[in-house]
Amino acid sequence: MSNEIFVKMALDGWQGQLKSTDTLLNKLSDEQLMQEVSPGRNRGIYLLGHLASVHDLMLPLLRFEEPMYPALRPIFVDSPDRAVADLPPISELRGQWTAVNEKLAAHFAGLSPDEWFTRHASISQEDFEKEPHRNRLNVILVRTIHLSSHRGQLAFLASKG
């Protein structure tokens, strides 16, 4: 089986989860995003910011470019929900979510199948020679699972009505 088929399968999975998450986020009102997904758990706004930040951090991880929104990391990755009082507006987070995913898609389209099997930025060339599975495509697989998990949490907000 060629690298092209593996890459297509992984990117189709990514795109499917991304499309489902976009559909869900478009259904959720700003008021719903201010609610906890369940008692004592993260609010929707935090999950939206977290996903936008994690996807933004994929830009340098995949060796494409620096993050577009580095200010999101301390709020939505390095800190738990409610640790930072002043969060960006939901409308801004929605825009950042869309923009970073569009940027990722443009970079993804520019990679050849073989380039997906090169190292990501968190592994040295020396270590990559010992662990070639730690490649760019593996980042997509892991981030697809991550996205799916948080989409499942956000779905609880839609069920609340």
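Reader: Which helices are included in what covers the buried residues of H1?
Author: In this predicted model, the buried residues of H1 include Val7, Leu11, Trp14, Leu18 and Leu25. An α-helix has 3.6 residues a turn, so residues three or four places apart point the same way. The cover over the buried residues of H1 includes H2 (30–33), H3, H5 and H7.

Reader: What distance does H1 reach from its first C-alpha to its last?
Author: H1 runs from 3 to 27 and has 25 residues. At 1.5 Å a residue, 36 Å is expected. The model comes close to that, with a reach of 36 Å.

Reader: Which helix supplies the largest share of the largest nonpolar core?
Author: This core has 38 residues, and Leu33, Met58, Trp97, Phe108, Trp116, Ile140 and Leu154 touch the most other members. At least two core residues come from each of H1, H3 (44–61), H4, H5 and H7 (136–160). The largest share is nine residues, and their source is H3.

Reader: Is aspartate 81 buried or exposed?
Author: Aspartate 81 sits in the loop between H4 (72–76) and H5 (90–109). Its relative accessibility is 9%, and the cut-off for buried is under 20%. Aspartate 81 therefore counts as buried.

Reader: Which side chain does a polar contact of 3.4 Å join to that of aspartate 81?
Author: Leaving aside neighbours within four places in sequence, aspartate 81 is in contact with Arg41, Asn42, Arg43 and Tyr46. Arg43 is also among the contacts of leucine 33, again with such neighbours left aside. The 3.4 Å polar contact joins the side chain of aspartate 81 to that of arginine 82.

Notes. Residues numbered from 1 in each chain as written. Predicted model: local features only at pLDDT ≥ 70, side-chain atom pairs only at ≥ 80, totals over all residues. Heavy atoms only, no water. Helix = DSSP H or I, 4+ residues; strand = E, 2+ residues; numbered from the N terminus. Buried < 20%, exposed > 50% of the residue type's maximum accessible area, 1.4 Å probe, protein only. Polar contact = N/O pair within 3.5 Å; in protein donor to acceptor, adjacent residues only side chain to side chain. Contact = heavy atoms within 4.5 Å. Core = buried A, V, L, I, M, F, W, Y, C linked by side-chain atoms within 4.5 Å. Expected span 1.5 Å × (residues − 1).
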